[in-house]
Amino acid sequence: MSHQFTTDNSQLLSDIMRLRRDVRGNHFLPKPVDNSILDKLLDAALYAPSVGYSQPWQFVVIRSEKIKQQVQQSFLQANTAGQALFTGDKNVQYSKLKLEGILEAPVNLAVFYQNPSTPVLGQTSMPDMGRFSVVCAIQNLWLMARSLNIGVGWVSIIDPNAVKQILNAPKESELIGYLCIGYVDEFLDEPELKTAGWEQQKVKSEVVFNESF
Ligand SMILES: Cc1cc2nc3c(=O)[nH]c(=O)nc-3n(C[C@H](O)[C@H](O)[C@H](O)COP(=O)(O)O)c2cc1C
């Protein structure tokens, strides 16, 4: 018989999901992350489902200060451009947000999608399915990290092509996520952007529909 989980197991998983946070540079500690721990995170990523079992993910582990600094330059440029798209109070609020932890996190992880050269089962009508598979791997890693009390922050305010160039990525590799990983001083109880009043939490009835919209 297949493995049966208990109600306690299920509650534990729910707690890990609920207490997972996006962590920025204001919360990372300089404490090193051992390779054995990093391996656990990568193993979790590799358990993820993928369209046609294509496993289209690639991971680049970055500990080099020089590389981190290059990526952070890309963030700074992208962030200035991003902030300019918000006006009035939102622009002021944006300027106060810490939106990455590239230099503060001991480990950075660039996660790529390897564009296939032949058709992939299940991806023939919806070409983004491979990319979504990579996101599943990132979410697995994020939850495993939380279970080990390690913080993860996703940085998307960067030029993906600049990161590709910095990391010498092959042509067919596409950046999906750039993650900052490390121990933290605390995990906040709720999303920082909720606390800051940037966005409000949506309730279930706003987003769940029965039978049709
Ligand atoms: C695809 C993706 C991209 C994100 N990019 C950024 C980012 O560039 N900078 C940032 O501070 N947070 C980023 N986040 C984190 C979100 O802001 C965060 O998940 C959200 O505010 C909810 O907070 P929580 O993850 O702590 O629950 C990203 C999250 C996702 C899923």
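This is a short walk through one structure, from its sheet to its helices and then to some single residues.

Before we start, a word on the model. It is predicted, so local features need pLDDT of at least 70 and side-chain atom pairs count only at pLDDT 80 or more, while totals for chains, interfaces and linings use all residues. Residues are numbered from 1 along each chain as its sequence is written, and side-chain values use heavy atoms, with hydrogens and water left out.

Let's begin with the sheet. Four strands make an open sheet, and their order is β1-β2-β4-β3. The pairing is antiparallel. Strands here are DSSP runs of E with at least two residues, helices are runs of H or I with at least four, and both are numbered from the N terminus. Two strands pair if DSSP finds at least two bridges between them.

Which strands sit at the edges? They are β1, residues 57-62, and β3, residues 151-155. Each of these pairs on one side only. On average, neighbouring strands of the sheet are turned by 25° against each other, direction ignored.

Now the pairs. β1 joins β2, residues 107-114, over six bridges in the antiparallel sense. Look for Val61: opposite Val61 stands Leu109 in β2. At the other edge, β3 and β4 pair over five bridges, again in the antiparallel sense. There, Gly153 stands opposite Cys180 in β4.

Is β3 enclosed or open? Four of its five residues are buried, so β3 is largely enclosed by the rest of the structure. Buried means under 20% relative accessible area, exposed means over 50%, and partly exposed is in between, with a 1.4 Å probe and protein chains only.

On to the helices. α2 lies across three strands: β1, β2 and β4, the last being residues 173-182. α2 runs at about 165° to β1. Axes are lines fitted to C-alpha atoms, for helices over the stretch in contact, and angles run from 0 to 180 degrees between N-to-C directions.

α2 also has a helix partner. Helix α2, residues 35-46, packs with helix α5, residues 129-147, at an angle of about 140°. Their axes are 7 Å apart. That makes α2 oblique to α5. On this scale, angles under 35 degrees are roughly parallel, over 145 roughly antiparallel, 65 to 115 roughly perpendicular, and the rest oblique.

Who makes the contact? From α2 come Lys40, Leu41, Leu42, Ala44 and Ala45. From α5 come Ala137, Asn140, Leu141, Met144 and Ala145. Contact means heavy atoms within 4.5 Å. The residues of this contact divide into eight nonpolar, one polar and one charged. Nonpolar covers Ala, Val, Leu, Ile, Met, Phe, Trp, Tyr, Cys and Pro; charged covers Asp, Glu, Lys and Arg; the others, Gly among them, are polar.

α5 meets α1 too. Helix α1, residues 7-19, and α5 have axes that come within 9 Å and cross at roughly 100°. α1 and α5 are therefore roughly perpendicular to each other. Ile16, Met17 and Leu19 in α1 meet Leu143, Arg146 and Ser147 in α5. This contact divides into four nonpolar residues, one polar and one charged.

Last, some single residues. Asn79 is in helix α3, residues 65-84. Buried or exposed? Asn79 is buried, at a relative accessible area of 14%. Leaving aside neighbours within four places in sequence, Asn79 is in contact with Tyr94, Leu99 and Ile157.

Next, two backbone cases. Asn168 has phi near 60°, a positive value in a residue other than glycine. Asn168 lies in the loop between α6, residues 160-166, and β4. Asn168 is exposed, at 69% relative accessible area. Glu211 is not a glycine either, yet its phi is positive at about 70°. Find Glu211 in the segment after α8, residues 204-207. Glu211 is exposed as well, at 83%.

Two distances to finish. Gln165 is in helix α6 and is exposed, at 67% relative accessibility. How far apart in space are Gln165 and Asn210? The answer is 46 Å, C-alpha to C-alpha, with their places 45 residues apart in sequence. Glu206 lies in helix α8 and counts as partly exposed, at 46%. The C-alpha atoms of Glu206 and Ala84 are separated by 30 Å, and the two are 122 residues apart along the chain.
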